[in-house]
Amino acid sequence: MKILVTGAKGFAGKNLVANLKNIRDGKNRTRSFQVEEIFEFDIDTDKALLDEYCAKADFVFNLAGVNRPKDNSEFMSGNFGFAGELLEALKKHKNTCPVMISSSIQATLIGRYGESDYGKSKLAGEKLFFDYGKETGAKVLVYRFPNLFGKWCRPNYNSAVATFCNNIANDLPIQVNDRSTQLELLYIDDLVEEMFDAIENKEHRCEYDGLDPAAKDNGKYCYVPTTHKVTLGEIVDLLDTFRAQPNTLVMPEIPDNSFAKKLYSMYLSYLPKEKTIFDLKMNCDDRGSFTELLKTMNCGQFSVNISKPGITKGQHWHNSKWEFFIVVAGHGLIQERKIGTDEVIEFEVSGDKIQAIHMLPGYTHNIINLSDTENLVTVMWANEQFDPQHPDTFFEVVK
């Protein structure tokens with residue numbers, strides 16, 4: 001399949017092209033279609049190539065558009081005028097391949113969008129495509145996107161989320177006039193997956209009930225089912241917790257498919273080099289070291305313990321706290337004894353065979369480095385963060 005992407009250097013185009021290349025190059029085998037060529041067209045591309053691409057394309061994604069012109073009249077020429085050029089080139093070559101156009105929710109011209117020149121230009125583009133479909137029989141897919149967010153989105157342009165991510169990641173000031181202002185946001189990876197669905201004839205169809213899409217199998221429009229409605233205040237609060245993570249070590253809750261998870265991925269893409277690495281506090285003594293790695297909101301914390309040759313560590317028990325010990329390098333022995341008994345269970349462990357060992361509540365336990373020359377490296381997980389006011393840790397040798 002040969003695919004034409006207009007606006008290929010823009011935010012959406014860049015992400016779509018990168019993922020189409022993954023399919024073309026065999027790096028992504030989760031889809032049923034194959035990509036032979038990707039035609040990338042943007043404002044600085046030789047116009048003669050548009051004619052050539054339109055002759056060969058098997059699918060067209062029209063992501064080109066004007067968002068921030070110097071004059072409002074450029075909205076119509078950029079969003080409507082180019083769409084006409086594209087469709088005329090397809091008609092010239094009698095190419096009736098499927099054509100997708102990225103419109104905007106502003107094209108509804110409802111409420112605050114009622115006088116939007118941008119919305120009017122997008123609505124005109126929609127009509128042009130629908131008329132083209134009726135005239136040629138080509139499959140037309142019109143998507144009205146809300147605000148987009150994700151990696152590679154340009155800050156200080158037309159995305160408050162991109163600006164917030166960039167500025168907070170780089171310790172620059174932000175301005176929030178009204179924390180209660182709500183945005184509807186569409187994540188770029190969800191958009192790309194929907195574009196792949198469209199190639200496979202599995203696009204999601206809808207009609208519009210005001211500003212909201214209503215799913216309908218034979219709907220006039222197309223939409224991406226997953227969007228997120230969040231306030232500016234919620235976005236900034238999340239970003240503040242992300243910025244603090246290297247100091248607190250606390251990873252906030254980021255459930256699968258949640259806005260927080262997607263925003264965190266976007267935030268990280270704006271980190272400067274010097275923030276991509278950060279020190280961890282190593283608690284060192286003559287026995288080795290102990291370092292906390294990561295803490296979670298509800299599921300405990302991760303640490304790494306390094307024991308020098310011949311050293312025994314631990315020798316304590318917990319009422320309710322429990323742990324996993326996972327030796328990743330070296331050779332050691334883990335011993336556990338049930339409190340009040342002589343019952344001892346032992347596990348010989350090695351980085352050559354990585355295993356997870358439960359440290360049982362009510363059992364005093366230790367870990368012994370059996371090597372005379374090598375350090376013993378153990379990754380540890382505890383089911384709760386360490387609380388110095390309630391450590392639930394009591395010294396007692398195993399044997």
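L280 counts as partly exposed in this predicted model, because its relative accessibility is 33%, between the limits of 20% for buried and 50% for exposed. This leucine is found in the loop that runs between α8 (259-268) and β13 (282-285). Together with F278, L293 and F302, L280 makes a nonpolar surface patch of about 290 Å².

Two other residues are notable for their backbone angles. Most residues other than glycine have a negative phi. K94 is not a glycine, yet its phi is positive, near 55°. Q315, also not a glycine, has a positive phi of about 60°. The table sets out their values and places.

| Residue | Phi | Place | Relative accessible area |
|---|---|---|---|
| K94 | near 55° | loop between α3 (73-92) and β4 (99-104) | 73%, exposed |
| Q315 | about 60° | strand β16 (residues 312-317) | 16%, buried |

Is each of these two residues buried or exposed? K94 counts as exposed because its relative accessibility is 73%, and exposed means over 50%. Q315 counts as buried because its relative accessible area is 16%, and buried means under 20%.

The last topic is a pair of helices. Two packed helices are described by the angle between their axes and the distance between the axes. Helix α1 covers residues 11-24 and helix α6 covers residues 188-199. The two pack at an angle of about 60°, and their axes are 10 Å apart. α1 and α6 are therefore oblique to each other. Their crossing is right-handed.

Technical notes:
Residues are numbered from 1 along each chain as its sequence is written. This is a predicted model: local features need pLDDT of at least 70, side-chain atom pairs count only at pLDDT 80 or more; totals for chains, interfaces and linings use all residues. Side-chain values use heavy atoms; hydrogens and water are left out. Patches are made of residues with over 30% relative accessible area and no salt bridge: like charges are joined within 9 Å, nonpolar side chains (Val, Leu, Ile, Met, Phe, Trp, Tyr) within 5 Å. Accessible areas come from the Shrake-Rupley method with a 1.4 Å probe; for residues, only the protein chains shown count as cover. A salt bridge is a side-chain nitrogen of Lys or Arg within 4 Å of a carboxyl oxygen of Asp or Glu. Helices (H or I, at least four residues) and strands (E, at least two) are DSSP runs, numbered from the N terminus. Buried means under 20% relative accessible area, exposed over 50%, partly exposed in between (1.4 Å probe, protein chains only). Axes are lines fitted to C-alpha atoms, for helices over the stretch in contact, and angles run from 0 to 180 degrees between N-to-C directions. Angles under 35 degrees count as roughly parallel, over 145 as roughly antiparallel, 65 to 115 as roughly perpendicular and the rest as oblique. A crossing is left-handed if the near helix is turned anticlockwise from the far one by less than a right angle, and right-handed if clockwise.
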